[in-house]
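The exercises below are meant to be worked through with the sequence and the three-dimensional model side by side. Try each task before reading its solution.

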Amino acid sequence: MRIQIEPDELAVAARAADAICDVVRASPSTTLGLPTGATPVRTYAELERRVAAGDADLSRASAFAVDEFVAPVREAPGTNAAFFARHLRIRFHELRCPDAAATDPDAEIRAFAGAIRHLGGLDLCVLGIGVNGHIAFNEPGAAADSRARSVALTAESRAAHAEAFGSLDRVPSTGMTLGIADLLESRRILLIAQGHAKSAIVRVAVQGPESADVPASWLRRHADVTWLLDAAAAAQLCD
Ligand code: GLP
């Protein structure tokens with residue numbers, strides 16, 4: 001496991017964009033796993049800037065969301081599909097989200113994971129981390145061998161999305177996610193965390209025991225994972 005600490009969010013975004021661009025440069029038709037949330041917004045803005053400037057070209061790359069809500073309408077405000085439409089306006093070969101409005105969410109996310117496998121798996125999976133240690137929508141309790149499935153969202157995760165959906169009662173209670181085992185099959189993983197609010201969970205995930213209580217701790221089983229942190233998120237790590 002590599003831990004890379006940058007002074008602030010802007011530097012984290014630049015390094016994360018570097019990592020994505022490096023993979024795409026080495027293999028233009030690469031397959032990426034991408035997160036939503038506040039964490040990657042600056043990274044995606046930096047990618048947009050590089051593409052507009054002609055410094056990067058992701059038009060042959062395939063990008064897959066790592067999770068999605070179960071919602072009545074596919075691109076309802078607050079869904080990950082809506083997030084990507086707003087924050088990642090880059091031309092990819094394809095940018096796919098599970099269909100939030102699928103009638104059978106388990107079948108939908110299993111087919112989605114199957115499509116990733118069909119392309120040979122994720123070359124780089126970028127992840128954020130929830131304050132409770134979740135990665136994608138693998139909430140506490142997610143086993144290391146868990147696969148793509150629908151999941152009940154915790155109150156904490158629902159509260160974090162209240163603004164995006166307009167109010168807490170509009171936040172879906174169910175999500176769909178790639179499982180821990182699916183994420184661990186990625187060739188490389190880049191986990192990004194920023195801000196003081198993430199410092200306690202980063203310490204537990206990186207330096208505490210591997211445990212389903214903190215799903216991000218399973219990433220320690222992966223041979224090529226980088227924790228890209230700003231100084232605030234790294235503040236509680238012990239030497
Ligand atoms: C969300 C998403 C995750 C994301 C995490 C952190 O619920 N399902 O993919 O990484 O929570 O979000 P944020 O970056 O807003 O803290």
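**Exercise 1. Strand E6 and its partners**

Find the bridge partner of Leu-124 in E9, and then place strand E6 among its neighbouring strands.

Solution. In this predicted model, the residue of E9 that forms a bridge with Leu-124 is Arg-188. The next step is to look at the strands as a whole: E6 and strand E9 (residues 188–193) run parallel and are joined by four bridges. Turning to strand E2 (residues 31–34), one finds that E2 also pairs with E6 in the parallel sense, here over two bridges, and that Leu-32 is the residue standing opposite Leu-124. The last step concerns the side chains. In a regular strand the side chains alternate between the two faces of the sheet. In strand E6 (residues 124–127), Leu-124 and Val-126 point one way while Cys-125 and Leu-127 point the other way, and all are buried.

**Exercise 2. Helix H2 and its packing against H3**

Work out whether the length of helix H2 agrees with the expected span, and then describe how H2 and H3 pack.

Solution. Helix H2 (residues 41–52) has twelve residues, which at 1.5 Å a residue should span 16 Å, and its end C-alpha atoms are 16 Å apart, so the two values agree. After the helix comes Gly-54, which has a positive phi near 80 degrees. The buried residues of H2 are Thr-43, Tyr-44, Glu-46, Leu-47, Glu-48 and Arg-50, and they pack against helix H1 (9–26), E2, helix H3 (80–87) and E9.

For the helix pair, two quantities are needed. Two packed helices are described by the angle between their axes and the distance between the axes. H2 and H3 pack at an angle of about 45 degrees with their axes 10 Å apart, and the two helices are therefore oblique to each other. Val-41, Tyr-44 and Glu-48 of H2 make the contact with Phe-83, Phe-84 and His-87 of H3.

**Exercise 3. Aromatic pairs**

How many aromatic pairs are counted, and which geometry do the rings of Phe-64 and Phe-112 adopt, stacked or edge-to-face?

Solution. With ring centres required to lie within 6.5 Å, the count comes to six aromatic pairs. The centres of the Phe-64 and Phe-112 rings are 5.4 Å apart and their planes stand at 70 degrees, so this pair is edge-to-face. It links distant parts of the chain, since Phe-64 belongs to strand E3 (residues 62–65) and Phe-112 to helix H4 (residues 105–118), 48 residues apart. Phe-64 counts as buried at 1% relative accessibility, and Phe-112 is buried with a relative accessible area of 3%.

The rings of Phe-83 and Phe-84, with centres 5.5 Å apart and planes at 85 degrees, also form an edge-to-face pair. Phe-83 counts as buried at 13% relative accessibility, as does Phe-84 at 3%. Ring pairs link Tyr-44, Phe-83 and Phe-84 into a cluster.

**Exercise 4. A loop residue**

Is Leu-178 buried or exposed, and which residues does Leu-178 contact beyond its neighbours within four places in sequence?

Solution. Leu-178 is found in the loop between strand E8 (174–177) and helix H7 (180–184). Its relative accessibility is 3%, which means that Leu-178 counts as buried, the cut-off being under 20%. Leaving aside those neighbours in sequence, Leu-178 has contacts that include Ala-65, Val-66, Ile-109, Phe-112, Leu-122, Asn-138 and Leu-183. Phe-112, one of these contacts, is the ring paired with Phe-64 in the preceding exercise.

Technical notes: Residues are numbered from 1 along each chain as its sequence is written. Side-chain values use heavy atoms; hydrogens and water are left out. Rings of Phe, Tyr and Trp (its six-membered ring) pair if their centres lie within 6.5 Å; planes under 30 degrees apart count as stacked, over 60 as edge-to-face and the rest as tilted. Buried means under 20% relative accessible area, exposed over 50%, partly exposed in between (1.4 Å probe, protein chains only). Two strands pair if DSSP finds at least two bridges between them. The expected span of a helix is 1.5 Å times one less than its number of residues. Contact means heavy atoms within 4.5 Å. Axes are lines fitted to C-alpha atoms, for helices over the stretch in contact, and angles run from 0 to 180 degrees between N-to-C directions. Angles under 35 degrees count as roughly parallel, over 145 as roughly antiparallel, 65 to 115 as roughly perpendicular and the rest as oblique.
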